Amino acid sequence: MSRKGSLIIISGFSGAGKGTVVKALTAAHDNYALSISATTRQPREGEEDGREYFFKTTEEFEELIRRDELYEYAQYVSHYYGTPKAYVQEQREAGRDVILEIEVQGALAAKKKNPEALLLFVTPPSAEELKRRLIARGTESMDVICARLARAKEEAKLMDQYDYLIINDDLNACVEEIHQLVMREHLRMEENLDFVSRIRQELKDMQ
Ligand code: 5GP
């Protein structure tokens with residue numbers, strides 16, 4: 001049976017470990033396709049254009065907005081981030097479950113466009129643990145860490161609009177929890193309307 005893939009939107013405070021969770025999820029199961037965003041922020045050490053992000057200048061990014069090529073976009077700590085439309089559409093049509101790992105404003109905008117999207121919010125067990133992880137990552141200056149913690153405070157105001165809360169304490173448990181939620185989502189009636197039409201037709205033809 002060919003069914004359209006689900007849209008799974010994963011957000012969480014910077015430093016919550018979303019990247020690690022998503023990597024482990026896509027490595028453990030082959031039904032997922034991870035969308036690669038465009039951004040105007042500088043690449044971190046080890047990041048490659050076209051792998052972690054499509055790195056763009058502000059002019060290039062604004063051109064994507066003008067040409068309506070982004071599914072959603074937002075500004076985060078003075079940089080643009082956005083999801084290219086084409087990949088999401090192609091992969092979902094091909095039946096793959098597409099993951100967007102994006103911040104809260106873009107996530108809520110995407111949910112408005114696509115109410116059937118599954119919104120998951122990943123958080124460490126406490127604010128103290130969040131700060132510890134951000135410092136331990138060692139990829140940002142203290143100024144940027146403080147800006148990201150301030151942003152986390154803002155994001156926390158909107159986290160109750162997500163469908164599910166995922167506490168990232170144990171990585172494997174967290175990955176399996178997400179996978180189970182996605183599998184359950186596939187069983188929702190509105191996700192299976194092609195099947196419904198087919199079996200209705202079969203029943204009709206039988207008489
Ligand atoms: P980072 O700079 O740490 O890679 O990402 C900063 C924030 O931007 C994270 O919360 C990440 O999820 C979010 N982000 C990454 N790509 C996108 C995107 O395409 N759209 C939106 N709205 N946020 C994104």
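A disulfide is a pair of cysteine sulfur atoms within 2.5 Å. The exercises below apply this and similar rules to a predicted model, in which local features need pLDDT of at least 70 and side-chain atom pairs count only at pLDDT 80 or more, while totals for chains, interfaces and linings use all residues. Residues are numbered from 1 along each chain as its sequence is written, and side-chain values use heavy atoms, with hydrogens and water left out.

**Exercise 1. Cysteines**

Task: State how many disulfides the rule gives, and classify cysteine 146 and cysteine 174 as buried, partly exposed or exposed.

Solution:
- Step 1. The count of disulfides is 0.
- Step 2. Buried means under 20% relative accessible area, exposed means over 50%, and partly exposed lies in between (1.4 Å probe, protein chains only).
- Step 3. Cysteine 146 has a relative accessible area of 45%, so this residue is partly exposed.
- Step 4. Cysteine 174 has a relative accessible area of 1% and is therefore buried.

**Exercise 2. The parallel sheet**

Task: Give the strand order of the open sheet of 5 strands, then describe the pairing of strand E7 with E1 and with E2.

Solution:
- Step 1. Helices (H or I, at least four residues) and strands (E, at least two) are DSSP runs, numbered from the N terminus. Two strands pair if DSSP finds at least two bridges between them.
- Step 2. The order is E2-E7-E1-E8-E9, with parallel pairing. E2 and E9 (164-167) are the edge strands, each pairing on one side only. From one strand to the next, the twist averages 30°; axes are lines fitted to C-alpha atoms, for helices over the stretch in contact, and angles run from 0 to 180 degrees between N-to-C directions.
- Step 3. E1 (residues 7-12) pairs with E7 in the parallel sense over 4 bridges. Isoleucine 8 stands opposite isoleucine 99 in E7.
- Step 4. E2 (residues 32-34) runs parallel to E7 and is joined to it by 3 bridges. Tyrosine 32 has aspartate 97 of E7 as its bridge partner, and leucine 34 has isoleucine 99.
- Step 5. Strand E7 (residues 97-101) has 4 of its 5 residues buried, so it is largely enclosed by the rest of the structure.

**Exercise 3. The mixed sheet**

Task: Find the edge strands of the open sheet of 4 strands, and examine the loop between E5 and E6.

Solution:
- Step 1. The strand order is E4-E3-E6-E5, and the pairing is mixed.
- Step 2. E4 (53-55) and E5 (70-76) each have a single partner strand, so one side of each is left without a neighbour in the sheet. The twist averages 25° from one strand to the next.
- Step 3. E5 and E6 (residues 79-84) pair in the antiparallel sense over 6 bridges, and tyrosine 76 stands opposite histidine 79 in E6.
- Step 4. Serine 78 lies in the loop between E5 and E6. Its phi is near 60°, a positive value in a residue other than glycine. With a relative accessible area of 65%, serine 78 is exposed.
- Step 5. Aspartate 68 also has phi near 60°; this residue is in the loop between helix H2 (58-66) and E5.

**Exercise 4. Salt bridges**

Task: Give the total number of salt bridges, then describe the pairs formed by arginine 41, aspartate 163 and arginine 133.

Solution:
- Step 1. A salt bridge is a side-chain nitrogen of Lys or Arg within 4 Å of a carboxyl oxygen of Asp or Glu. A search of the whole structure finds 21.
- Step 2. Arginine 41 bridges to glutamate 47, with the closest N and O atoms 2.8 Å apart. Arginine 41 is buried at 9% relative accessibility, and glutamate 47 is buried at 18%. Arg41 and Glu47 belong to a network of salt bridges that also links Arg44, Arg137 and Glu140.
- Step 3. Aspartate 163 bridges to lysine 111, the closest N and O atoms being 3.0 Å apart. This pair links distant parts of the chain, 52 residues apart: aspartate 163 is in the loop between helix H6 (142-156) and E9, and lysine 111 is in helix H4. Aspartate 163 is partly exposed at 35% relative accessibility.
- Step 4. Arginine 133 and glutamate 129 meet in a salt bridge (2.8 Å, N to O). Both lie in helix H5 (residues 127-137), 4 residues apart, about one turn of the helix. Arginine 133 is buried, with a relative accessible area of 19%.
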